[in-house]
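Colleague: I am new to this structure and should be grateful for a close look at its aromatic rings and their partners. Please begin with the chain as a whole, so that the details have a setting.

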Amino acid sequence: MGGAFVAVADDATATWWNPAGLATGAYLNAVVEYSQIDDAPTNPVTRGIAIGYPALGLSYYRLPINQFHVVGPTAEAVTSREDQGVLSQYGISVGQSIGNHFVIASTLKMMRAADSHAELDLGAMFSYGVVRIGATVRNLRQSTLTTQTGDTLQLERQTRAGVSVTGHTPGAIGAATASFDIDLRKTHTVFGEERRIAGGAEIWTKGRWFSVRGGISANTVGDSGVATSGGASVALYHGAYLEGQLTGGSDASRRGWSSGARLTF
């Protein structure tokens, strides 16, 4: 969906996108994910596993450091695309409902490269009828870690907001969702400064046996280009899904693919 997911995520992926989304999800959900950016010569790979139910989420992500903004001993940005090791993220997400429509939540993360630091994500979700409004703040403490190559990785604070609308029909299309996200502040990446906007849509068949989705995102600062994406989910049996997506376009920082498996109870 082009990354427009802050106000959509209501399963175990909410541990990454917006922990407040767990409160409106299935009783139990588990997701395994694998993704690769087509960024020669390193083709950085991300792996993740997350388990969630409405009151608690557990997650682990293994992220390539060479996709982050890293600085060397002289405080200059490290622009090498060579392997700089991995960043491991262990998270536990908890939330609290306030009334019938509002949820606040947080993810306490242990971030590990060559050394380890604790970090915190915050999320909020407001739901009313077919509309959901979400917001997140990632890396609240803005921790600094040492990479395996001895350089410095600064986990910048990221803020993002989004809105989604979901409708249901009695026909062959069971549900349709449209969403829009926007970054509220700039961050630094290995490709330069970034502040993104994204929009996407998703359609599920009746009974949730099959879905297709797509989206577009763009960087509003710099000239990194536009990324377009599309994907699908198919049920092997009720509650068990295989999923995949492709991202293309002129934005080199986003081109790639991902696959995953999901169990929902």
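Modeller: The radius of gyration is taken over C-alpha atoms, and the rule for a globule is 2.2 Å times the number of residues to the power 0.38. The model before you is predicted. For 265 residues, a compact globule would have a radius of gyration near 18 Å, and the protein chain agrees, with 18 Å. Its C-alpha trace spans about 60 × 35 × 30 Å along the principal axes. The protein chain has one helix and 19 strands, and 43% of its 265 residues are buried. Among contacts with a separation of 6 or more, 48% join residues 24 or more positions apart.

Turning to the rings, the structure holds six aromatic pairs. One of them joins Phe5 and Trp17: the ring centres are 5.7 Å apart and the planes stand at 65 degrees; since an angle over 60 degrees counts as edge-to-face, the pair is of that kind. Phe5 belongs to the segment before α1 (14-17), whereas Trp17 is in helix α1, twelve residues away, and the pair thus links distant parts of the chain. Trp17 has a relative accessibility of 28% and therefore counts as partly exposed, a class between 20% and 50%.

Another pair is formed by Trp204 and Tyr241, whose ring centres lie 5.5 Å apart with planes at 80 degrees, so this pair too is edge-to-face. Trp204 lies in strand β15 (residues 196-205) and Tyr241 in strand β18 (residues 240-249), so the pair ties together parts that are 37 residues apart in sequence. Trp204 and Tyr241 are both buried.

Trp204 has a further partner: the charged end of Arg208 sits over its ring, 4.0 Å from the centre. A similar arrangement involves Trp16, where the charged end of Arg138 sits over the ring at 4.3 Å from its centre.

Arg138 also leads to the neighbouring loop, for strand β8 covers residues 131-138 and Asn139 is found in the loop between β8 and β9 (144-146). The phi angle of Asn139 is near 55 degrees, a positive value in a residue other than glycine. With a relative accessibility of 6%, Asn139 counts as buried. Gln142 is found in the loop between β8 and β9 as well, and its phi is also positive, near 55 degrees. Gln142, however, is partly exposed, with a relative accessible area of 28%.

Note on methods:
Residues numbered from 1 in each chain as written. Predicted model: local features only at pLDDT ≥ 70, side-chain atom pairs only at ≥ 80, totals over all residues. Heavy atoms only, no water. Phe/Tyr/Trp six-rings, centres within 6.5 Å; stacked < 30°, edge-to-face > 60°. Helix = DSSP H or I, 4+ residues; strand = E, 2+ residues; numbered from the N terminus. Buried < 20%, exposed > 50% of the residue type's maximum accessible area, 1.4 Å probe, protein only. Lys NZ or Arg CZ within 6 Å of the ring centre and 35° of its normal. Contact = heavy atoms within 4.5 Å.
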